[in-house]
Each structure stands twice: as C-alpha cells, then as structure tokens.
Amino acid sequence: MRREHESRESHEGQDQERHEQERHEQGDDGLRDGRGDEGWREDRGDDGLRGRLVRVGVELVNAEGAQALSLREIARRAGVSHGAPRRHFPTHLDLLSAIARQGFAELAARVAAEDREGAGPRERIALLARVYLDYAGSRRGMYELMFRHDLLESGRLGLRETSLPLFARLTELVARVRPAADPVVVSGALWANLHGIAQLWHWGSLRLATGGDDPAPLLAAALDAHLGPVESTP
C-alpha cells in the first residue's frame, strides 16, 4: 500500500511539473524572465509565445546577424524549452520567415515615412533607393535574412508576396519616368544594381575599387544609368 501511495504521489508530481512546463512554454507564467503577471499580460496581448519568439528573433538578428538564428538560441532567449517553438513554427524556415516578414514591414514603414507624394517620380525613386541602402547598412543581419534564397523560394508565410508591394511602388514610379520602356525590367535592373551596391559596399569591395568613402555617387550613377540623367531646370 505504501509503495502504491508513493507511486501515485510521484505520478501526480510529474503531471504537475509537466503542466507547469506547458504553461511556461505557452507564455502563461511570465516568471522565468522575472516579469511576473505584467509580463504574462504583455505576451498574451501580442500573440503569446508566437509573438515573443518573433520579437526575440528580430532582436537577435539585429544584434548578432542571421547566422545566430538557431531554434535553440531563440527558444533559450525566449525562456522556453527548445521544442516549444514547433507549436507555432513547425519548421525552422517558418520561424525565419516570420522574422523576415518583420524586416519587410520595417523597410516598408521607413519608405512610407520618407516618401513625398507631391515630389516628382524620379525624386521619389531616389528617395526610395536611399532608404533601401540605408536599411541594408543599418539592419545588416535582417537585410541578409530577408533576401535569403531558401526563404523566398520556400514561400513560407507568403514571404515573397510580402516583398512585392515595394517593388510595385518602384515599378509604378519607373513607368512615369520612362513610359516607353518596360517598367518591370527597368525596375528589376535598378533593384539588382542597388542590391549589388549594398552588398559590395558592406564587403568593402567598392571602397577598395573606387577609393571612395561614400556610396552616394554610386547611387547617383545607378539612377542615371537606369532612368537617364536628371533634366536640368531652364
């Protein structure tokens, strides 16, 4: 009888421990990071564990780069077991795609904040290009994650569709600057040029080759090459 009683107590203890772990992984206790009830309400208000994992991933990629985004490290920093993320993100690509979506949202917000609809189309293209290059330099880890070919090819969480509105904005403006050209082709070539400037500038190759310390002249040359030179005001 005594062994049976001890066995029952052991099972009950294991069940309670498992229940506490499940609550913790779902973001319901808020205790491991020291935030208590206030932290619990914050996480519950932002999609619980799912939102917390994405926020941690965004902070991690901005601080340490895309190579740091392992499931285990994200889970550790979120204060949950390494298996907990799979409840919301069945694969590593799913979680990375959710993080990358935040990058596209931030880039779009920066463009929207700087865009001036009353300006001419060429001026607006130049502004968009400057924001793009600035984002690539200031959010290097996120920028690299956003354009990882395996994420874009997988189509996880509609990531490809998330990037299309910015390209559509560029294409619309290009069509107004060069109405006789194919705006999709010109926009694609210009985007490729900007991406190349961003990458080569980061690697130091362009500084070495040109001897310059500012990518602005390279941007101006790229815009002239694809859109034609700026017309002088009489």
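Me: Which residues does Ala-136 touch, not counting residues up to four places away in sequence?

Reply: Good place to start. This is a predicted model, and in it Ala-136 touches Tyr-143 and Ala-198 once the residues up to four places away are set aside. Ala-136 itself is found in helix α6.

Me: Is Ala-136 buried or exposed?

Reply: The idea is to compare the relative accessible area with a cut-off: a residue under 20% counts as buried. Ala-136 has a relative accessible area of 1%, so it is buried. You can also look at its partners far along the chain: Gln-199 is 63 residues away in sequence, yet the two C-alpha atoms are 8.3 Å apart in space.

Me: Let me step back. How many helices and strands does the protein have?

Reply: There are 12 helices and 0 strands, so reading from the N terminus you meet one α element after another. Of the 234 residues, 38% count as buried. The accessible surface comes to about 13,500 Å², and carbon and sulfur atoms account for 51% of that area.

Me: What share of the contacts joins residues at least 24 apart?

Reply: Here you take the contacts between residues at least 6 apart in sequence and ask how many of them reach further along the chain. In this protein, 62% of them join residues at least 24 apart. Leu-151 in helix α8 gives you a pair to look at: its C-alpha atom is 8.7 Å from that of Ala-100, although 51 residues separate them along the chain. Leu-151 is buried, with a relative accessible area of 0%.

Me: Now the helices. What span should the 23 residues of α5 have?

Reply: You work with a rise of 1.5 Å a residue, which gives 33 Å for α5; its end C-alpha atoms are 34 Å apart, which agrees. The same check works on α3 (residues 48-64), where 17 residues reach 24 Å, close to the 24 Å expected.

Me: Which elements cover the buried residues of α5?

Reply: First pick out the buried positions, then see what contacts them. In α5 the buried residues include Leu-95, Leu-96, Ile-99, Phe-104, Leu-107 and Val-111. Their cover includes α3, α4 (71-78), α6, α7 (140-146), α8 and α9.

Me: His-92 is in α5 as well. What is it in contact with, leaving aside its neighbours within four places?

Reply: His-92 is in contact with Leu-69, Ser-70, Leu-71 and Arg-86. For Leu-69, 23 residues away in sequence, the C-alpha to C-alpha distance is 9.2 Å. His-92 is partly exposed, with a relative accessible area of 30%.

Me: Which residues of α3 are buried?

Reply: Among them are Gly-48, Gly-51, Gly-57, Leu-49, Leu-53, Leu-60 and Arg-52. Val-56 is another α3 residue, and its relative accessible area of 10% makes it buried. Leaving aside neighbours within four places in sequence, Val-56 is in contact with Ile-74, Arg-77 and Ala-78. The C-alpha atoms of Val-56 and Arg-77 are separated by 6.8 Å, with their places 21 residues apart along the chain. Just after the helix comes Gly-65, whose phi is positive, near 95°.

Me: Where does α9 bend?

Reply: A bend is read as an angle between the axes of the stretches on either side of a residue. In α9 the bend is about 30°, at Pro-165. This helix (residues 159-177) has 19 residues and reaches 29 Å, close to the 27 Å expected.

Me: Which residues of α9 are buried, and what covers them?

Reply: Leu-159, Ser-163, Leu-166, Leu-170, Thr-171, Leu-173 and Val-174 are buried. What covers them includes α5, α6, α8, α10 (183-203) and α12 (216-227).

Me: How do the axes of α6 and α9 cross?

Reply: Two packed helices are described by the angle between their axes and the distance between the axes. The axes of α6 and α9 come within 9 Å and cross at roughly 145°, and the crossing is left-handed. To see the contact in the model, find Pro-121, Arg-122, Arg-124, Ile-125 and Leu-128 in α6, which meet Arg-169, Leu-170, Leu-173, Val-174, Arg-176 and Val-177 in α9. Of these α9 residues, Leu-170, Leu-173 and Val-174 are among those that are buried.

Methods
Residues are numbered from 1 along each chain as its sequence is written. This is a predicted model: local features need pLDDT of at least 70, side-chain atom pairs count only at pLDDT 80 or more; totals for chains, interfaces and linings use all residues. Side-chain values use heavy atoms; hydrogens and water are left out. Helices (H or I, at least four residues) and strands (E, at least two) are DSSP runs, numbered from the N terminus. Buried means under 20% relative accessible area, exposed over 50%, partly exposed in between (1.4 Å probe, protein chains only). Contact means heavy atoms within 4.5 Å. Accessible areas come from the Shrake-Rupley method with a 1.4 Å probe; for residues, only the protein chains shown count as cover. The expected span of a helix is 1.5 Å times one less than its number of residues. The bend at a residue is the angle between axes fitted to the seven residues ending there and the seven starting there. Axes are lines fitted to C-alpha atoms, for helices over the stretch in contact, and angles run from 0 to 180 degrees between N-to-C directions. A crossing is left-handed if the near helix is turned anticlockwise from the far one by less than a right angle, and right-handed if clockwise.
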